[in-house]
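User: Please take a close look at the aromatic cluster in this model, and then place that cluster in the setting of the chain around it.

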Amino acid sequence: MELDIFKWKTMGNPKNTDSSSINEAGFGDGYVQLSSNGINNASESWDLTYTGCVNEIKEVRDFLNTHIIKSFLWKNPYGEEKLYRVVNKSIESEFVGGKVVSLSFKFIQAYSP
């Protein structure tokens, strides 16, 4: 399945979280020394919602379930194409009426060697 199914016109309101992995050492005089933890110390995650008919949502859900361990290229709402994977246990379906399903899930940035 191509990732073009994640077009922003059909998505809910994407929510981004940026985080950094840092080492922090505090001293008695109030001074705090900071340093980065590794070469890939900054990462981002996205909380996303996709709503559509059952058949379309099934296709998206199948893609998500096969990319919990396997990363993929995705262009985020900032227009940056990066590697991501689906966060384990983040895929949730809500049947909102008839054959309409709201699917929520989370992407986290991934890195390759």
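Analyst: What follows starts with the chain as a whole, moves to the aromatic rings and the core, and ends with a buried acidic residue and one loop.

The model is a predicted one, and the values below should be read with that in mind. The protein chain has 1 helix and 8 strands, and their order along the sequence is β-β-β-β-α-β-β-β-β. The C-alpha trace spans about 65 × 30 × 25 Å along its principal axes, and the radius of gyration of the protein chain is 18 Å, where a compact globule of 113 residues would have a value near 13 Å. Of those 113 residues, 26% count as buried. The accessible surface of the protein chain comes to about 7500 Å², with 49% of that area belonging to carbon and sulfur atoms. Among contacts with a separation of 6 or more, 59% are made by residues 24 or more positions apart.

Turning to the rings, the structure holds 9 aromatic pairs. One of them is formed by Trp 46 and Trp 74, whose geometry is edge-to-face, with 6.0 Å centre to centre and 75 degrees between the planes. Because Trp 46 lies in strand S4 and Trp 74 in strand S5, this pair ties together parts that are 28 residues apart in sequence. Trp 46 counts as buried, at 3% relative accessibility, and Trp 74 is likewise buried, with a relative accessible area of 3%. Phe 105 and Phe 107 form a pair that is tilted, because their ring centres are 5.4 Å apart and their planes stand at 45 degrees, an angle that falls between the limits of 30 degrees for stacked and 60 for edge-to-face. Phe 105 is buried at 3% relative accessibility, and Phe 107, at 0%, is buried as well. Ring pairs link Trp 46, Phe 63, Phe 72, Trp 74, Tyr 78, Tyr 84, Phe 105 and Phe 107 into a cluster.

The rings can next be set against the nonpolar core. In soluble globular proteins, nonpolar side chains tend to be buried together. The largest nonpolar core has 17 residues, of which Leu 48, Leu 64, Phe 72, Trp 74, Phe 105 and Phe 107 touch the most other members. At least two residues of this core come from each of strand S4 (42–53), H1, strand S5 (72–75), S6 and strand S8 (100–109). Phe 72, Trp 74, Phe 105 and Phe 107 thus appear both among these core residues and in the ring cluster.

A polar residue also reaches this cluster. Glu 44 is placed in strand S4 and counts as buried, because its relative accessibility is 6%, under the 20% limit. The side chain of Glu 44 makes a polar contact of 2.3 Å with the side chain of Tyr 84, which is one of the linked aromatic residues, and another of 3.0 Å with the side chain of Lys 82. Leaving aside neighbours within four places in sequence, Glu 44 is in contact with Asn 16, Thr 17, Asp 18, Asn 76, Glu 80, Lys 82, Tyr 84, Phe 107, Ile 108 and Gln 109, a list that includes Phe 107 of the tilted pair.

Phe 105 leads in turn to the loop between strand S6 (81–86) and strand S7 (92–97), where Ser 90 is located. Beyond its neighbours within four places in sequence, Ser 90 is in contact with Ser 104, Phe 105 and Lys 106. Ser 90 counts as buried at 15% relative accessibility, and the polar atoms of its side chain have partners in the backbone: the oxygen of Val 87 lies 2.7 Å from one such atom, and the side chain reaches the nitrogen of Lys 106 at 3.1 Å. Lys 89 is found in the loop between S6 and S7 too, but this residue counts as exposed, at 75% relative accessibility. The phi angle of Lys 89 is near 65 degrees, a positive value in a residue other than glycine. The C-alpha atoms of Lys 89 and Asn 65 are separated by 9.6 Å, with their positions 24 residues apart along the chain. Asn 65 belongs to helix H1 (residues 54–65) and, at 39% relative accessibility, counts as partly exposed.

Technical notes
Residues numbered from 1 in each chain as written. Predicted model: local features only at pLDDT ≥ 70, side-chain atom pairs only at ≥ 80, totals over all residues. Heavy atoms only, no water. Helix = DSSP H or I, 4+ residues; strand = E, 2+ residues; numbered from the N terminus. Buried < 20%, exposed > 50% of the residue type's maximum accessible area, 1.4 Å probe, protein only. Polar contact = N/O pair within 3.5 Å; in protein donor to acceptor, adjacent residues only side chain to side chain. Contact = heavy atoms within 4.5 Å. Core = buried A, V, L, I, M, F, W, Y, C linked by side-chain atoms within 4.5 Å. Rg over C-alpha atoms; globule rule 2.2 N^0.38 Å. Areas by Shrake-Rupley, 256 points an atom, 1.4 Å probe, with all protein chains shown as cover. Phe/Tyr/Trp six-rings, centres within 6.5 Å; stacked < 30°, edge-to-face > 60°.
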